[in-house]
Amino acid sequence: MSKKRRERDRRPARRPAGKSKDPKRRILVVCEGAVTEPQYIKGFERWCRNSVVEVEIADKHGVPLTLVNIAKVEKDRAAKRAKREKDDNLCYDEVWCAFDVDEHPKLNEARQLAEAHDIELAISNPCSELWLWLHFREQPGAQGRDDIQRLLRDPLPGYDKHLDFSMLQAGYTNAVARARRLDEDAERMDEAGRNPSTGFYRLTESIRGT
């Protein structure tokens with residue numbers, strides 16, 4: 001996330017008389033999946049209880065380039081509404097897309113479009129289940145999607161995309177540390193985004209306000 005975006009001065013929102021709460025930082029997340037990622041984010045948001053952040057999860061899904069286009073449209077729509085109503089608090093402070101590497105086409109185009117429009121990416125390689133796995137164990141080495149999902153059924157018996165965040169919350173801090181180490185190791189080898197890696201922790205840490 002750009003420092004400029006986080007530190008943007010916000011005009012106080014117009015609120016009903018007698019109410020004077022500070023405006024919340026608004027985050028929009030567009031997810032590839034319709035179940036796992038949204039359930040995790042909603043559970044995480046309830047758990048971390050950051051009262052100055054408001055998270056909105058888009059109800060549209062798709063492949064990476066589609067997600068970034070959706071994010072761009074929603075970001076522009078919010079900005080136009082803010083300008084029309086003269087209320088900067090209607091803008092999104094951050095817009096994220098969360099998706100897997102998998103075998104998706106046009107990943108580079110998705111990255112380039114996101115960068116051009118100040119959209120953050122939480123990319124998991126090979127899949128978002130790697131992020132879940134890191135709540136329980138160290139990284140398992142390069143794996144395929146099916147392998148990660150199969151491994152995950154040990155700490156999460158019966159896993160079928162649906163999540164109960166209470167089963168993950170105790171391992172959150174470890175998951176962040178493990179994901180960061182994967183990023184650092186990949187950067188040292190000049191292989192950013194390699195398998196295994198996940199940027200999902202950057203999204204959750206932003207929601208948490210760290």
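**Figure 1. Salt bridges in the predicted model.** The structure, which is a predicted model, holds 18 salt bridges. In the pair formed by K72 and D76, the closest N and O atoms lie 3.3 Å apart, and because these two residues sit four places apart in helix α3, which covers residues 64-85, about one helical turn separates them. Both partners are at an intermediate level of exposure, since K72 is partly exposed with a relative accessible area of 25% and D76 is partly exposed with a relative accessible area of 31%. Side chains of opposite charge can pair when their charged atoms come close.

**Figure 2. A salt bridge between E74 and R77 in helix α3.** The closest N and O atoms of E74 and R77 are 2.8 Å apart, and the two residues, three places apart in helix α3, are separated by about one helical turn. An α-helix has 3.6 residues a turn, so residues three or four places apart point the same way. The partners differ in exposure class: E74 counts as buried at 17% relative accessibility, the limit for that class being under 20%, whereas R77 is partly exposed with a relative accessible area of 47%.

**Figure 3. A salt bridge in helix α6, and a network of linked salt bridges.** D147 forms a salt bridge with R150, with 2.5 Å between the closest N and O atoms. These residues are three places apart in helix α6, which covers residues 145-152, and are therefore separated by about one helical turn; D147 counts as partly exposed, at 28% relative accessibility. Elsewhere, R26, E54 and E56 are joined into one network by salt bridges that share partners.

**Figure 4. Overall layout of the chain.** Eight helices and five strands make up the secondary structure of the chain, and along the sequence they follow the pattern α-β-α-β-α-β-α-β-α-α-α-β-α. Of the 210 residues in the chain, 45% are buried. Among contacts between residues at least 6 apart in sequence, 74% join residues at least 24 apart. The accessible surface of the chain comes to about 11400 Å², and carbon and sulfur atoms account for 47% of that surface.

**Figure 5. Helix α2 and the elements that cover its buried residues.** Helix α2 comprises the 13 residues 36-48, which at 1.5 Å a residue should span 18 Å, and this agrees with the 18 Å between its end C-alpha atoms. The buried residues of α2 are T36, E37, P38, Y40, I41, G43, F44 and C48. Their cover includes the strands β1 (25-31), β2 (53-57) and β3 (94-100), together with the helices α5 (129-133), α7 (172-188) and α8 (200-208). After α2 comes R49, which has a positive phi near 50°.

**Figure 6. The largest nonpolar core and a second, separate core.** The largest nonpolar core has 34 residues, among which Y40 and W131 touch the most other members. At least two residues of this core come from each of β1, α2, β2, β3, α5, α6, α7 and α8, and α7 gives the most, with five residues. Leaving aside residues up to four places away in sequence, Y40 touches W131, L132, H135, L163, F165, L168, Y172, F200 and T204. A second, separate core has 20 residues, including L67, V68, L113 and I119.

**Figure 7. The open sheet of five strands.** The strands are arranged in the order β2-β1-β3-β4-β5, and their pairing is mixed. Because β2 and β5 (197-198) stand at the edges, each with a single partner strand, one side of each is left without a neighbour in the sheet. Strand β4, which covers residues 120-125, runs antiparallel to β5 and is joined to β5 by two bridges; here N125 stands opposite S197 in β5.

**Figure 8. Strand β1 and its pairing with β2.** Seven of the seven residues of β1 are buried, so this strand is largely enclosed by the rest of the structure. In a regular strand the side chains alternate between the two faces of the sheet. In β1, R25, I27, V29 and C31 point one way, while R26, L28 and V30 point the other way, and all are buried. Five bridges join β1 to β2, and the two strands run parallel; within this pairing, I57 in β2 is the bridge partner of V29.

Conventions: Residues numbered from 1 in each chain as written. Predicted model: local features only at pLDDT ≥ 70, side-chain atom pairs only at ≥ 80, totals over all residues. Heavy atoms only, no water. Salt bridge = Lys/Arg side-chain N within 4 Å of Asp/Glu carboxyl O. Buried < 20%, exposed > 50% of the residue type's maximum accessible area, 1.4 Å probe, protein only. Contact = heavy atoms within 4.5 Å. Areas by Shrake-Rupley, 256 points an atom, 1.4 Å probe, with all protein chains shown as cover. Expected span 1.5 Å × (residues − 1). Core = buried A, V, L, I, M, F, W, Y, C linked by side-chain atoms within 4.5 Å. Pairing = 2+ DSSP bridges.
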